[in-house]
Each structure stands twice: as structure tokens, then as C-alpha cells.
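Hi,

Here is the structure I promised to send over. Have a look first, and my notes follow underneath.

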Amino acid sequence: MPLLKTLEYEVTTLTRERLPKTIAARTRRVYDVLSTIYPLSTYCFHSRAHKTAVDMAGIQDGMHVLEVATGSGEMFRRLVKANRNGKTVGLDLSPRMAARTQKQVRRDYPDAWTECQAVDARYLPFRDASFDAVVCCYLLELLSTEDIFLTLQEFHRVLTRRGTLTLVLIGHNAAMFNRLYRLAGSLAPAFWGRQIDGRLPELIESCDFRITAERELRQSGYPSRVVATRK
Ligand SMILES: C[S@@+](CC[C@H](N)C(=O)[O-])C[C@H]1O[C@@H](n2cnc3c(N)ncnc32)[C@H](O)[C@@H]1O
């Protein structure tokens, strides 16, 4: 990774960083507690972005696919559906989220090769070049800038040559939503985190990914941004 570019980004960003440190222990507790009602939020705000991300990720049946931060598993089931003859691995920091995802996918797709465990995305327990595609929705907002770099580097490491990384992020093109989100983030940072600003492309490219497509969309007023990249 070009070190100078990384440092430049960090210096300019940290001056207005609203999440100077990842607060993983609190985040894990909050999402554990909310694991049973979290599917409602997916249904109301995230399902359109999930569908778009599956289409943009170029998943072909038979691939090795990793979803990072599965939440309660709605996107994970979409990925397994598209990859019934491949291997689909999921992980989430919250053990309850991971257990719920595992249980439901085994019930819905008993013949598919699936695995979901409680793992911190910053330290992936997989060998280099293990996956053809990595998908990650609404996680980066919960990580400090330093940990976003760490995590993107981990994604890069576990992807095969020319593997794809598809990210879904909270959009930032709705002024009123942004104001509300800032307020929510200051009240409960472990749950909401903060929006990542418009320089995300710089951040992704400094970790040696090339952006291949981008889409902005809204669901029930909630803006999302889907970014498809290739190693
Ligand atoms: C906003 S939710 C998004 C869930 C799901 N990806 C979706 O699209 O609905 C964020 C998820 O990231 C998980 N998470 C937060 N920090 C994490 C970390 N360091 N490693 C892995 N998962 C993490 C949380 O437990 C939570 O399930």
C-alpha cells in the first residue's frame, strides 16, 4: 500500500474524526442485545441495497465467498442462494448475530456449504487468497479510520488475485438524514458509528482496490451507497 497516501489521508481525516477509536466491546454488546429485532431494520432500510450489492458483486455459483459483519443474516442468505454449490463464509463481531445467521441459513439451505462464526473483521482468521469475493455492508461506519485501513488490508489479503470487494455504506447525499445521523451517532456511537465522508474512493484505492462501479439508492428515506471494487 502506498504509505505516503495513507498518511496524508489519515492526517487530514483525523482532524475531524468523530470516532477516534473503535469501541468494539460496546458495539458487540449492543448488537448482541438487538440481534432478535435487527431484521426489522434490514427489512425497512437495507434490503434494496443488499439486493443491488449481490447483483454488483458478480457472484457466480461455485465461488468462495466471504461476508463480513453479517448482522442477523439477511444478506448472507441472499449470498448463499446465489452460491449454492460454492462455499459461503460469514462472520460478525456479535456472537448472537453470528449464531442466528448460522442457524437460519442451515435451516433454509441445508445442502449448501456455509459457516458463520463470531470474529472481529480487523483480524481475519483465513489464509491469504482464500476468497473470490468479499462483501461487507454497513460496517466501516463503526470502525475508526485506522481500523478501516486495517480491515481493508485484511480484505485485500484474503482475496484471490482479481478477487472482488463489494461494500455497502450509508449514503451521505441527504442533508436532513446526515444531521439526524450525526445526532444519533453522538448519542450511541457503538450502535450508529458515523458516516464516512466523500473521500471513501481515496481510502479504498490507497488499499490497492480499483473501483469498478458505484450506485446510490434510498429506502424509506435511508440513503445507501454500493461500491464494487476489484483487487
Ligand atoms: C449496522 S450492522 C449491519 C449488519 C448487516 N451487514 C446489514 O447489512 O444489515 C453492523 C454489524 O457489524 C458488526 N460489527 C461491528 N464491528 C465489527 C467488527 N469489528 N468485526 C465484525 N463485525 C462487526 C455488528 O455486530 C453488526 O452486526
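**What surrounds the ligand**

By class, the ligand's shell holds twelve nonpolar, seven polar and two charged residues (Ala, Val, Leu, Ile, Met, Phe, Trp, Tyr, Cys and Pro count as nonpolar, Asp, Glu, Lys and Arg as charged, and the others, Gly among them, as polar). Keep in mind that this is a predicted model, where local features need pLDDT of at least 70, side-chain atom pairs count only at pLDDT 80 or more, and totals for chains, interfaces and linings use all residues. Residues are numbered from 1 along each chain as its sequence is written, and side-chain values use heavy atoms, with hydrogens and water left out.

That makes 21 residues around the ligand (a heavy atom within 4 Å of it), and the closest are His50, Ala69, Asp92, Ala121 and Cys137. Helix H3 (38-57) and helix H2 (24-33) each give at least two shell residues, with H3 supplying the largest share, four residues (helices are DSSP runs of H or I, at least four residues, numbered from the N terminus).

Now the polar contacts (N or O pairs within 3.5 Å). The side chain of His50 puts an N or O atom 2.7 Å from a ligand oxygen. Two ligand contacts involve backbone: a nitrogen of the ligand is 3.0 Å from a polar backbone atom of Leu93, and a ligand nitrogen lies 2.8 Å from a backbone N or O of Ala121. The protein covers 97% of the 600 Å² of accessible area that the ligand has on its own (Shrake-Rupley, 1.4 Å probe).

Elsewhere, I get eight salt bridges (a Lys or Arg side-chain nitrogen within 4 Å of an Asp or Glu carboxyl oxygen). One of them joins Asp55 to Lys51, with the closest N and O atoms 3.6 Å apart. These two are four residues apart in helix H3, so about one helical turn separates them.

Cheers

Notes. Polar contact = N/O pair within 3.5 Å; in protein donor to acceptor, adjacent residues only side chain to side chain.
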